[in-house]
Structures are given as structure tokens and as C-alpha cells.
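User: I would like to go through this structure with short questions and answers.

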Amino acid sequence: MRDASKASAAFWQALDGKPSLNTSAKEEEGSYDRLSSHYDESLVLDTAPNDIFRLVQELRRCLAELGVSAEDVKDRNRDVESWACLIYGSMSAPSRTFHDVGHVFDISRGADCIQTISALFHDVIYYTIDGGLSTAQAKVLDGVIVEKHDDSAVSLSETICSEDKHVAMVVTVFGFNPGQVLSPFKGLNEFLSAVLAVRCLKETLHDSYLLRIAACIEATVPFRKADENGRTPLDGLHERVCKANADMESGLTEFQIVLAIQRAADLANRDVTNFATKDHAQFLSNTWKLLPESNISLRSDGTGHISSFVIALKKMLGFLENLDPSDIYGSYQNEPSDDVMRNLTERARRNISIATRYLRVKVLGLSLIAALAELTGGDAPLIMFVRGMTVDEPKDKHSHQNMKKAMKAGNGSAEQKQGNSRTSYIANFGTVQRTSSRRDCDEEVYSLLKCGRKVESKFDLINSPVAAYLYGILGDTMCDRSFDFCACPMDSTNAKKLLDSLPPDDVAFIARSCSRIVLTRAEQLIGIANLYSEHCPSFQGNHQQ
């Protein structure tokens with residue numbers, strides 16, 4: 001039977017990190033071997049025809065590994081089915097574009113059975129994003145919270161801890177108090193997901209396993225700092241698990257509790273492993289998957305307005321600019337090791353750096369479009385201005401990699417092969433050939449803007465023609481200066497300031513290009529193009545500020 005070290009290794013090797021739980025795993029390894037005598041291979045389906053059956057398969061396998069006999073697992077078939085349907089129904093909601101069923105399968109790959117069960121349940125509740133609890137969720141969580149629909153506040157019941165010892169255990173693990181207002185940014189979703197898991201499983205698993213599952217889910221509350229005394233979130237979790245263990249008389253030894261916290265740290269790190277990927281295009285694609293979850297206007301298929309998209313990108317930019325990479329991953333008693341933590345943190349730092357620069361340029365490009373829209377009739381669906389700006393390059397993974405290789409071979413060779421110059425990258429409108437001496441830009445960011453993210457999205461192009469065009473001309477310094485005028489919502493005053501902050505010939509070029517797409521505003525856009533073709537004298541002045 002796999003111990004936690006072996007379960008973790010396969011997952012982390014994909015990131016060139018090899019964190020493994022130390023010799024403390026030996027004690028539980030024997031108990032897993034003993035429990036494996038109950039395991040019946042016939043309980044595991046050879047193939048899972050869909051995600052619900054895959055959830056059933058994983059739940060049955062994990063119950064067997066945790067000592068539930070084959071006969072008892074079969075007796076629980078209806079329960080397992082209902083749990084799988086609850087997980088699937090919750091994570092298949094229209095609001096779930098990143099935190100979906102695929103996410104839990106991704107982070108549980110190679111995990112041990114406690115981690116796998118925790119992973120399956122840890123994102124079941126997304127209270128704000130999903131618009132509250134579903135009927136099925138509310139039934140399981142009956143009596144746990146008090147919902148105030150007038151201000152959307154959610155509070156923990158004053159009496160639930162005295163009425164339900166298992167809820168009281170989860171409350172202790174999370175460090176909450178009866179009557180407390182629960183914040184979606186400080187564990188509301190994870191707490192309710194943990195309570196739901198424990199209530200589903202309490203008649204099937206021993207309290208010691210329920211406690212460890214609750215600890216795993218608590219650890220997935222992300223991006224927390226150490227307190228003023230230097231105690232990390234995992235240090236605090238250890239203390240609270242010790243208290244819950246004593247209160248519940250669960251029978252865990254100190255050694256087993258330490259292993260439980262290390263297991264929880266590993267699952268929490270898996271949950272945010274995207275930050276440490278070497279594939280920057282994939283990191284951006286996952287960032288784009290997150291956008292519709294917190295921005296309802298982006299859930300439609302291309303009908304969202306320009307202003308809505310800029311607001312969503314600015315919110316994500318603000319989050320990433322304020323995110324400390326050292327707060328993403330956690331370690332407990334050298335698991336994972338210092339070397340692995342440094343590696344993960346540095347990779348996260350690079351992804352965040354690329355994403356913030358990418359987002360700033362992306363916001364600038366969209367704000368330019370918003371300014372043109374404002375001056376020609378007002379805000380409009382993004383698809384009116386941008387969807388016509390397509391590129392001729394293939395959009396799969398291999399084409400992105402081939403384009404990057406071509407670019408490394410030299411600007412001339414890459415661009416000639418692709419039929420575009422570095423700074424005339426509005427495809428289908430590249431009749432004007434330009435050259436640029438700007439080199440104060442990140443080549444990786446430029447490649448991502450030009451070649452695209454890894455995965456298509458419903459609300460945006462996979463690549464960013466206008467942003468790539470501007471970045472190639474302006475570079476970082478001048479983009480940052482113009483960024484100051486990216487007001488949202490855009491108004492006529494800021495629209496003119498933004499256009500005046502950019503090279504007039506390029507404003508004219510983009511305005512004229514848009515006139516060929518937005519036929520209902522063609523006359524006004526050509527007027528703007530003609531105005532800026534006269535080389536506005538304000539351009540130099542704005543950039544000298």
C-alpha cells in the first residue's frame with residue numbers, strides 16, 4: 001500500500017521537486033498495510049465512463065483503503081452515489097470555470113486516500129461565486145449557518161457546536177467561534193466544504209480520519225501569512241488539531257498529528273501548484289479560467305462589454321500585484337524541504353511577474369479600444385471591436401512552442417515566417433510595415449501576447465494583437481506611463497488623455513484598423529485616425545511628465 005511519501009512523489013516530480021514525507025510515514029505505513037487486507041479489487045471500476053462514475057470509483061477505493069470492508073462499501077453504495085452526485089453537481093455549476101471536477105482530479109493525482117477524499121470535497125462550496133447554497137448542499141449543512149439575505153452575511157450558528165460534535169470538531173480545526181461572521185476570504189468556503197464532508201462520512205469513517213480530512217481541507221485556505229509571532233498557518237493548524245483530537249478523543253498520537261499536518265501541507269501545495277508551473281502560457285490560461293468565476297459578465301459568450309472586461313482584468317492585476325509569492329506554499333517540519341520551497345516560490349514569483357506585466361499591457365490595449373469606443377458612441381460589446389482581429393497562426397500547444405522557437409532564432413526569421421513584423425501585429429491589417437528600436441520589454445511577455453495563451457476562452461481572443469502591437473512599440477517604461485490613463489469606466493476626458501499619451505501614428509493605425517471592423521462607427525473612427533495622423537504635438541509632452 002502506498003505511504004504518503006510515495007503518493008506525493010509522482011505528483012511533485014512533474015515540477016522537478018521531490019518533497020516526501022520523512023521516516024514518520026513508517027508508523028502509518030504498517031497500519032495501511034493492515035487495512036489493505038480489506039481491499040477488494042472488484043470494487044474498483046476498470047474504466048470510468050464519466051466524471052460521476054470516476055468520483056464513485058475514487059470514493060469506493062479510498063473507503064476500502066481506510067479499512068471499510070468490501071461488504072460495508074457495497075452497503076454504502078447509495079451513500080457513495082449521493083456523495084458523488086453532490087460533488088459533481090456542485091462543481092459543474094455554470095459559475096465553475098476553474099474550480100470544477102477536473103480540478104479535484106488534477107490535485108488528487110497520486111495522492112493518498114485521506115488527501116484524495118479531502119480533495120474531492122474541498123471546493124464543493126463556493127458560497128459567493130455560486131450564489132449561495134444549492135438545495136442539496138443546504139440539506140447536508142442544515143443548522144450550521146445563519147444566512148442574512150439582506151446583506152449576504154453568513155454567520156456560524158450559536159448553538160450548533162453543542163448540538164453536533166462533528167461540526168464542533170471542524171469549528172475547532174478552523175479556529176472559529178459560535179456566532180462568528182464567516183468571510184469568503186478567510187475560510188467560509190473551506191469550512192462549509194469540510195463540514196459537508198464530515199457530515200457525509202461520519203457514519204462510515206472513524207473520527208480520527210474525519211479529523212485528518214478536516215485538517216487537509218483547512219490547509220487549503222490560501223495565501224495566508226505568518227502571525228506577528230512568526231507562527232505559520234500550519235503551526236496554528238497543528239495546535240487546533242491537537243485540541244480537536246483531545247476534545248473528540250480521536251486517539252491520534254502526536255506523531256500522527258504531525259504527519260496529518262504534513263499531509264495537509266502537501267494537499268494545500270497541490271491546490272496551488274499552478275503557480276509553480278514552468279509553462280507560463282498555461283499559467284495565464286488558468287488565470288483566464290478564474291476570471292468568469294468572480295466576474296459574472298464574462299460568463300457570456302463574447303457579449304460582455306469592454307468596460308466589464310477591463311474591470312475584471314484590473315481586479316486580477318490588483319490581486320497578483322499584492323500577492324507575496326512566499327505566502328503561496330507551506331511547509332511543516334521540513335516537509336516539503338527548504339530547497340523544494342525555494343524552488344516553488346521562485347517559480348511562482350516568475351509566473352506572477354510575467355502575469356502582472358502581461359495584464360498591465362493587456363489592460364492598456366483594451367483601454368485603447370475602450371477610449372475609441374467612448375469617443376465614437378460609448379461602451380460596446382468587446383466582440384464588436386476585437387473579435388475581427390484574428391491571427392492566422394494555429395492556436396494549439398505545438399504551434400505556440402514552435403512560434404517561440406522561431407522567435408528565439410531571431411526577430412527577422414521568426415516574423416518573416418509568420419508573415420508579420422514585430423510591431424505590425426494586428427493580423428489582417430498589417431499592410432503598414434513598421435520597425436521599432438524598443439527593447440525594454442520582456443520577450444516572454446511579448447511572446448505570450450503575440451502567440452497566445454494555451455487554451456481558448458469564450459470571452460477573449462487567445463492572443464492579444466493590439467496589446468502585442470503596443471508593447472512592441474512602447475516597451476515597459478512607456479506602457480507604464482500610458483497605463484496611468486487607463487480609467488475604468490472610461491470617460492471622454494481620460495479617453496483623450498490616453499490617446500494623446502500614445503504615438504499618434506499608431507493611434508491612427510489602430511483606429512483605422514477598427515474602422516474596418518466596426519462598420520457602424522467607421523466614419524467616427526476614420527475621423528480619429530485622420531486627426532492623429534497629423535502628429536499630435538501633445539505626444540512628446542505627455543511622455544515627459
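**A buried residue and its core**

Analyst: Ile369 lies in helix α17 (residues 338-375), where a helix is a DSSP run of H or I of at least four residues, numbered from the N terminus. This is a predicted model, in which local features need pLDDT of at least 70, side-chain atom pairs count only at pLDDT 80 or more, and totals for chains, interfaces and linings use all residues. Residues are numbered from 1 along each chain as its sequence is written, and side-chain values use heavy atoms, with hydrogens and water left out.

User: Is Ile369 buried or exposed?

Analyst: Buried means under 20% relative accessible area, exposed over 50%, and partly exposed in between (1.4 Å probe, protein chains only). Ile369 has 1% relative accessibility, so Ile369 counts as buried.

User: Which residues is Ile369 in contact with, leaving aside its neighbours within four places in sequence?

Analyst: Contact means heavy atoms within 4.5 Å. With those neighbours left aside, the residues in contact with Ile369 are Ile306, Phe385, Val386, Val466 and Cys514.

User: Which helix gives the most to the largest nonpolar core?

Analyst: A nonpolar core is a set of buried Ala, Val, Leu, Ile, Met, Phe, Trp, Tyr and Cys residues joined through side-chain atoms within 4.5 Å. The largest has 79 residues, and Leu372 is one of those that touch the most other members. With 19 residues, the helix that gives the most to this core is α17.

User: How far apart are the C-alpha atoms of Ile369 and Leu499?

Analyst: Ile369 and Leu499 are 130 residues apart along the chain. The separation of their C-alpha atoms is 10.0 Å.

Definitions and conventions: Helices (H or I, at least four residues) and strands (E, at least two) are DSSP runs, numbered from the N terminus.
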